[in-house]
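Visitor: I work with computed models, and I would like a close look at the residues listed as a binding site. Please take me from there to the wider surroundings, and give me the cut-off behind each term as we go.

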Amino acid sequence: MRHLLDTRTLSRDDAILILDTAEDMADAQQREMKKLPALRGKTVVNLFYEDSTRTRISFEAAAKRLSADVINFSAKGSSVSKGESLKDTAQTLQAIGADGVVIRHPASGAPDRLARSGWIDAGVLNAGDGTHEHPTQALLDAFTMRRRLFAGDSRGRDLDGVSVVIVGDIAHSRVARSNLWLLNALGAHLAFVAPETLLPYGARDWPVRIHHSLDDALREERPEVVMMLRIQSERMHAAFFPNEREYARNWGLDDARLAGLGEETIVMHPGPMNRGLEISARAADSERSTVLEQVANGVSVRMAALYLLLSGERSTS
Ligand code: CP
């Protein structure tokens, strides 16, 4: 594996290798080995054309914990605002000797373009591109599910038969798409829940059951995992967005729905959250919530991805 661009083309075996390597990284950090020498002498560039909190800081923490040098590049305040192209930016990174480029971009396909262009020799990691994919988010989600559901016995395991319901703004969600392909590869039973206007064209051809009623989905799917998605109003035409109160009433994980979940059901959200809209404060802060575990696990998963791509010590396909 030279690049990590999506989960659609990630095999089950490669996914499990990344998740098990992330277990090694988490174990090493628990043993107070905060810094590993694996990427000493390598340079990782965080190339962010869109805002981020969790993904950017956790890739930075991951690269530093592997002893890599890290350069943070934000399009705001760079020569991108003077019209510099992705090609010229990439060639600048090549000239400074980047070994790995972590890219977030508003255009779907930008990481793929960078990886296949020949402009750069570095390994490319997709940190979220348009509405296309966010592969490390789905991997950290799967890692969190494995750890919560198979506590102490997660290594080597997939998610065979685990029922997962993903709720909300599927249309604009790269997290939903990356989870769709990864969770299918890992054998989970997946359902999406959304109002018709927040389902993308073509969703009915995807390998996923689709519901419009959250209450029906919770009753019929009996999920072990409920993942709430952020309403991405910044990407949305007003005509497609239901009124906020109507949305919260019909598709929000409110206190009553939280109380009705199965005893062991976990509540996930990739963040950032719109509290009171897709998720109530009580649900976000409850013991079922894995929101902060997801953030912490993101560092281990991104350490694993950087290590497997850049160390040259283990290769997958
Ligand atoms: N989950 C996620 O991608 O969060 P950020 O936008 O803060 O990186």
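Guide: Helices (H or I, at least four residues) and strands (E, at least two) are DSSP runs, numbered from the N terminus. What you see is a predicted model, in which local features need pLDDT of at least 70, side-chain atom pairs count only at pLDDT 80 or more, and totals for chains, interfaces and linings use all residues. Residue numbers start from 1 along each chain as its sequence is written.

Let's begin with your site. An unreviewed UniProt entry lists Lys-82, Arg-174 and Arg-230 under "binding site" (UniProt positions follow the numbering used here, feature names are shortened, and annotations may be inferred rather than shown by experiment). These residues span 149 residues of sequence and are spread in space too, with up to 31.6 Å between C-alpha atoms.

Arg-230 sits in the loop that runs between strand E8 (225-228) and helix H8 (244-251). Because it has 19 C-beta neighbours inside 10 Å, Arg-230 counts as partly exposed (buried means 20 or more other C-beta atoms within 10 Å of a residue's own, exposed 12 or fewer, partly exposed in between, with C-beta atoms placed from the backbone). Leaving aside residues up to four places away in sequence, Arg-230 touches Asp-169, Pro-272, Met-273, Asn-274 and Glu-278 (contact means that C-beta atoms, placed from the backbone, lie within 7 Å).

One of those contacts, Pro-272, deserves a second look: the peptide bond leading to it from Gly-271 is cis, with omega near -5 degrees. Pro-272 lies in the loop between strand E9 (266-268) and helix H10 (281-285).

Lys-82 belongs to the loop between strand E2 (69-74) and helix H3 (86-95). It is classed as exposed because 6 other C-beta atoms lie within 10 Å. On the other side of E2, the loop from helix H2 (54-65) holds Ser-67. Ser-67 has phi near 70 degrees, a positive value in a residue other than glycine, and it is partly exposed, with 14 other C-beta atoms within 10 Å.

E2 itself belongs to an open sheet of 4 strands in the order E2-E1-E3-E4, with parallel pairing (strands pair if DSSP finds at least two bridges between them). E2 and E4 are the edge strands with a single partner each, so one side of each has no neighbour in the sheet. From one strand to the next the twist averages 15 degrees (axes are lines fitted to C-alpha atoms, for helices over the stretch in contact, and angles run from 0 to 180 degrees between N-to-C directions). Strand E3 (residues 100-105) is joined to E4 by 5 parallel bridges, and Ile-103 has Asn-126 in E4 as its bridge partner.

Now the domains. The assignment, automatic or from a database, gives domain 1 (12-133 + 295-310) and domain 2 (135-290). Their centres, taken over C-alpha atoms, are 25 Å apart, and 24 residues of domain 1 contact 21 residues of domain 2. On the domain 1 side, the elements giving two or more residues are helix H1 (12-30), strand E4 (123-129) and helix H11 (291-310). H1 gives the largest share, 8 residues.

Notes
Contact = placed C-beta atoms within 7 Å.
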